[in-house]
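Visitor: Please take me through one part of this model closely. I would like to start at the ligand and then see what lies around it.

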Amino acid sequence: MFPLRRNRRLRQNEVIRGLVRETIITPNDFLVPLFVVEGKGVKEEIASMPNYYRFSLDLLEQEVKTLWDLGLKAVLLFVKAPNNLKDNKGTEALNPNGLMQRAIKTVKNICPDMLVITDVALDPYSSYGHDGIVENGKIINDATVDILAKMSISHAEAGANFVAPSDMMDGRILSIREALDDDNFIDTGIMSYSAKYASAFYGPFRDALDSAPADLKNVPKDKKTYQMDFANRFEAIRETEMDIDEGADIVMLKPGLCYLDIVRDIKNEVEVPIAVYQVSGEYAMLKAAAEKGWLDHDAVMLEQITAIKRAGADIIASYFAKDVVKLIS
Ligand code: PBG
């Protein structure tokens, strides 16, 4: 008898394919990134991220309700700080009445059970567009970590459930955990961007927040002295294990699609939940190709999200979250 095994029996129709499917996407898989701006009645489309918007706080309320009704119950907050409030030390990040702090309260007020995760890094507040303090052409690690710990407390005070340090300074998870515990925020979690690569895929995000590194003498043009070299693999595991030792509850890897080998490596090594961030450039690429009619938007989107989960992601941060959930419900 030829052939002895016929694998196509399990692919004959959608029912049998459904029965043997190994990876299922649900609304529980997602974190939804949200961009917040000052103002009233503002919903501005981000030029390099079609159909993705910055919201002022009043319109953020409606968006949060929509997400909740779709079953999307966790948001990742980012703010676009006004230019006149930016400085080298990110002073505005600690303002108890700053945009981030008000955004946290707005979300919690309108939807108390929405899980609020906040971005902790200096770049949206930095006049130089860096995730840390710049001195003599360098990003200063330890002084930056002090500010990140204070920033985390400030977000916890405003009501954040988790803080998500995305800066890649050394030792920041331990400092943040100690600071939170000292102030009795024992239930505030840390989702660490543990393995964050220096990637050109962050371009549209920097457009969204106007946070690209400044083109100035004595200011590094890129983030390669703190974000990871994309040629490296073992370093990602080392970074992730260190963050877990320092107290990270959830670890994150980013970007997504080009790094799925690393997702699997980390999944095989560690036992805490792993989040993967499908970043702005990944979103922009598919939108552009679909706009030209070169790719089937929804089909490619589902294939990509499923691939990220199949690789080992327990949680996916994605600008496609809403589109995916509408498609699968
Ligand atoms: C900054 C930060 C970045 C992203 C998340 N947090 C950009 C950067 O590191 O320059 C990128 C997210 C995306 O591209 O979608 N701390």
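Guide: In this predicted model, the shell around the ligand is made up of Asp119, Ala121, Asp123, Asp131, Ser166, Asp167, Tyr202, Phe205, Arg206, Lys223, Val279 and Ser280. Six of these residues are charged, four are nonpolar and two are polar.

Asp119 leads from the ligand to leucine 77. Beyond its neighbours within four places in sequence, leucine 77 contacts Asp119, along with Leu34, Val36, Met100, Ala103, Ile104, Val116 and Thr118. The largest nonpolar core has 90 residues, and Leu77 is one of the four that touch the most other members. The others are Val36, Val75 and Ala275.

Now helix H4. It covers residues 141-158, 18 in number. From first C-alpha to last it reaches 26 Å, close to the 26 Å expected at 1.5 Å a residue. Its buried residues include Val145, Ile147, Leu148, Met151, His155 and Ala158. Among the elements covering them are helices H3 (99-110) and H5 (172-182). Strands E5 (115-120), E6 (133-135), E7 (138-140) and E8 (162-165) also take part in that cover. After H4 comes glycine 159, with a positive phi near 120°.

Finally, the whole chain. It has 11 helices and 12 strands. Of its 329 residues, 44% count as buried. Take contacts between residues at least 6 apart in sequence: 74% join residues at least 24 apart. The C-alpha trace spans about 75 × 45 × 40 Å along its principal axes. The radius of gyration is 20 Å, which agrees with the value near 20 Å for a compact globule of 329 residues.

Technical notes. Residues numbered from 1 in each chain as written. Predicted model: local features only at pLDDT ≥ 70, side-chain atom pairs only at ≥ 80, totals over all residues. Near = placed C-beta within 6 Å. Nonpolar A, V, L, I, M, F, W, Y, C, P; charged D, E, K, R; others polar. Core = buried A, V, L, I, M, F, W, Y, C linked by C-beta atoms within 7 Å. Buried ≥ 20, exposed ≤ 12 C-beta atoms within 10 Å, placed from the backbone. Contact = placed C-beta atoms within 7 Å. Helix = DSSP H or I, 4+ residues; strand = E, 2+ residues; numbered from the N terminus. Expected span 1.5 Å × (residues − 1). Rg over C-alpha atoms; globule rule 2.2 N^0.38 Å.
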